[in-house]
Amino acid sequence: MNQGHTRPVNCSNCNRMVPKDKCIKKFTVRDMIDASSKEDIKAVQIYDGFIIPKTYNKLTYCISCAIHARIVRSRAREDRKIRNTRKPFEPRKEDKEAKEAATA
Ligand SMILES: [Zn+2]
């Protein structure tokens, strides 16, 4: 908003160039190993309490891919212009409760 121009980014799926403020961003945290293999690895590992690393990926999608992958749904023509659909920041429930307990 009020920027005139934003840096283009590539779509994670099809590599199309999309303006950064238009692309659909998705942050995914996944285990490196799937749940079924995790059991087998746990059985043979030497170290106790070893945490299997996770992959942290920031994915950006073009509109076509985001709709195709059902990350977003098609909206009315006017509604499509709203690029930031994220909810306003709200502290986590535990943090909120802790803060209230500290002030009370
Ligand atoms: Zn794409």
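The protein has 3 helices and 4 strands. Along the sequence these elements follow the pattern β-β-β-α-β-α-α. The model is predicted. Its mean pLDDT is 83, and 94% of the residues reach 70 or more. Confidence is highest in β1, at a mean of 94, and lowest in helix α3 (residues 93-103), at 79.

The overall dimensions come next. The C-alpha trace spans about 55 × 50 × 25 Å along its principal axes. The radius of gyration is 20 Å, whereas a compact globule of 104 residues would have one near 13 Å. Of the 104 residues, 7% count as buried. Among contacts between residues at least 6 apart in sequence, 56% join residues at least 24 apart. One pair shows how far apart two positions can lie in this model: I46 and F89 are separated by 43 residues in sequence and by 42 Å in space, C-alpha to C-alpha.

I46 itself is found in the loop between α1 (35-44) and β4 (54-61). Is this residue buried or exposed? I46 is exposed, because only 5 other C-beta atoms lie within 10 Å, and the cut-off for exposed is 12 or fewer.

A second loop, between β1 (8-10) and β2 (17-19), holds N15. This residue is likewise exposed, because 9 other C-beta atoms lie within 10 Å. The backbone of N15 has a positive phi of about 70 degrees, although N15 is not a glycine. Most residues other than glycine have a negative phi.

Technical notes: Residues numbered from 1 in each chain as written. Predicted model: local features only at pLDDT ≥ 70, side-chain atom pairs only at ≥ 80, totals over all residues. Helix = DSSP H or I, 4+ residues; strand = E, 2+ residues; numbered from the N terminus. Buried ≥ 20, exposed ≤ 12 C-beta atoms within 10 Å, placed from the backbone. pLDDT = per-residue confidence, 0-100. Rg over C-alpha atoms; globule rule 2.2 N^0.38 Å. Contact = placed C-beta atoms within 7 Å.
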